[in-house]
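Welcome! Here is a short tour of some side-chain pairings, with a charged residue as the starting point. Take a look at the sequence and the structure before reading on.

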Amino acid sequence: TTLDLAGGSRIAVGPELAISLETGGGKVTAGADGTVNLPGGAITLKGTPQSTAEARLDAASETKVTVTRGSARLTGEGNSILDMNRGESATLKKSGVIRVIDAIPSYFDFRLAVGDTATIHDPKGSTAVQFQFGSKCAQGGVIELDKDNRFRTAKISSGKENANIMVEGGSWAYRLRCTSGGSEGNAVASGRIAVKRDSGSRKLPPPQRPIPIDADGRTWRVSYQSVVPSLIIGMKGTGSAYKLTLAQGGKAETFEASKGSVTVKGDKLKEGTYTYWFVVDGVKQPKSSTLIIDFDQTAPQVYIESPSNGKPWTAPIEVKGAVMLGWSAAVEGITLPIDKQRRFKATVDAPPGQALAIRLSHPDRGVHYYLRRQKK
């Protein structure tokens, strides 16, 4: 028996091959080895009654094949062959040419415990991540990765104790679903992961000096790079007793001075919007001003000096760099000491993966990993 799909695909229907048609394509489930003829070639699903294989087929000018369970072999005219596993996708042209879209890497650059949230700074711009299940899934599990936390178009990868997946640039949601008897259960862990194309080689900015602003009725914006800088708030006019009021969120703090200039230390300030004004000799000045303090997202927070990316290493590896105030550094769970100049230097063993991951963390900025790969 045969069944035609959109695009001219013809599927042989037997007792162990089930087809579920959907708009624009079809879903094929096989409880034994089953072949689907496609324009330009064919796909053979590797299934058993105990472990079915499943693939999604979208046929148009070319056929997109996505393996959603088990494994399969995609063949094109001219003896082109691609073995595919769960979570992988490719296209087959009518000419028989196969193009890989998503492939599960057999290696990993970086390991992440499921449930953790982190940003990866990778000079390459895409990272092979190995998600570590820990004790969360005794019989194995499936990692789902999607831009949308509803996981409607998720990339997937499965494994017993961990699963590798290629994470492209951008911000992603992920979750772990355990497998039991071939079916997925509820999500047992989730988190977010972001990949930025960044080498961490930009020099850190110098310490910020006190910034002068005026109480002149205008709005002033101060962007800080690590810690909020001190401010010198001044006003024009004469008097003998000055009192500056800074108000934010229904709370106010006053600073007294004998001249029309008040220095407010950075540790007295925080990110947000303030209203401020002066009282001179007991008389409130008519002009209130606005101060907006925000974090400079473009300022580098970490500088990695060594090892150099894309050059040969010798073990032990020298790790050297600098951070802005508030950051801590570690490699593979070993804390790197930071001196008074905010510099760190240590030697570490070769990494377990293809890249060395330097972990930098900040109580407000989160966890960031800076990757280095060696030339082999």
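In this predicted model, E54 is a buried residue that has no salt bridge. How far away is the nearest side chain of opposite charge? That side chain belongs to K27, and the distance is 4.4 Å. Because a salt bridge requires the nitrogen and the carboxyl oxygen to lie within 4 Å, the spacing of 4.4 Å between E54 and K27 does not qualify.

To find E54, look along strand β7, which covers residues 53-59. The side chain of E54 does have a polar partner: a contact of 2.8 Å joins E54 to the side chain of T68. Setting aside neighbours within four places in sequence, E54 touches K27, V28, T29, L45, T66, V67, T68 and R69.

**Salt bridges**

Elsewhere, charged side chains do pair up, and the structure holds 16 salt bridges. Three of them are set out here, with the N to O distance of each.

| Positive residue | Negative residue | N to O distance |
|---|---|---|
| R221 | D294 | 2.6 Å |
| K268 | E253 | 3.7 Å |
| R365 | E271 | 3.9 Å |

Let's begin with R221 and D294, whose side chains meet in a salt bridge. This pair links distant parts of the chain: R221 sits in strand β22 (residues 219-224) and D294 in strand β29 (residues 289-295), 73 residues apart. Is R221 buried or exposed? With a relative accessible area of 55%, R221 is exposed.

Next come K268 and E253, joined by a salt bridge of 3.7 Å. K268 lies in the loop between β26 (261-264) and β27, while E253 belongs to strand β25 (residues 251-257); the two are 15 residues apart. K268 counts as partly exposed at 48% relative accessibility, and E253 is also partly exposed, at 34%.

The third pair is R365 and E271, whose closest N and O atoms are 3.9 Å apart. R365 is in the loop between β35 (355-362) and β36 (366-373) and E271 is in the loop between β26 and β27, so their salt bridge ties together parts that are 94 residues apart in sequence. R365 is partly exposed at 25% relative accessibility, as is E271 at 42%. Salt bridges can also share partners, and in this way D109, D122 and R373 are joined into one network.

**The disulfide**

A disulfide is a covalent bond between the sulfur atoms of two cysteines. How many does this structure have? The count comes to one, formed by C137 and C178 with their sulfur atoms 2.0 Å apart. It links distant parts of the chain: C137 is in the loop between β15 (127-132) and β16 (141-146), and C178 is in strand β19 (residues 170-180), 41 residues away. The torsion about the S-S bond of C137 and C178 is about -85°, which means the disulfide is left-handed. Both cysteines, C137 and C178, are buried.

**Aromatic pairs**

Finally, the rings: the structure holds four aromatic pairs. One of them is Y242 with F278; the ring centres are 6.4 Å apart and the planes stand at 90°, so the pair is edge-to-face. Y242 lies in strand β24 (residues 242-248) and F278 in strand β27 (residues 272-280), so this pair too links distant parts of the chain, 36 residues apart. Like the two cysteines of the disulfide, Y242 and F278 are both buried.

Technical notes:
Residues are numbered from 1 along each chain as its sequence is written. This is a predicted model: local features need pLDDT of at least 70, side-chain atom pairs count only at pLDDT 80 or more; totals for chains, interfaces and linings use all residues. Side-chain values use heavy atoms; hydrogens and water are left out. Helices (H or I, at least four residues) and strands (E, at least two) are DSSP runs, numbered from the N terminus. Buried means under 20% relative accessible area, exposed over 50%, partly exposed in between (1.4 Å probe, protein chains only). Lys and Arg count as positive and Asp and Glu as negative; His and the chain ends are not counted. A polar contact is a pair of N or O atoms within 3.5 Å; within protein, one must be able to donate a hydrogen and the other to accept it, and residues adjacent in sequence count only if both atoms are side-chain atoms. Contact means heavy atoms within 4.5 Å. A disulfide is a pair of cysteine sulfur atoms within 2.5 Å. Rings of Phe, Tyr and Trp (its six-membered ring) pair if their centres lie within 6.5 Å; planes under 30 degrees apart count as stacked, over 60 as edge-to-face and the rest as tilted.
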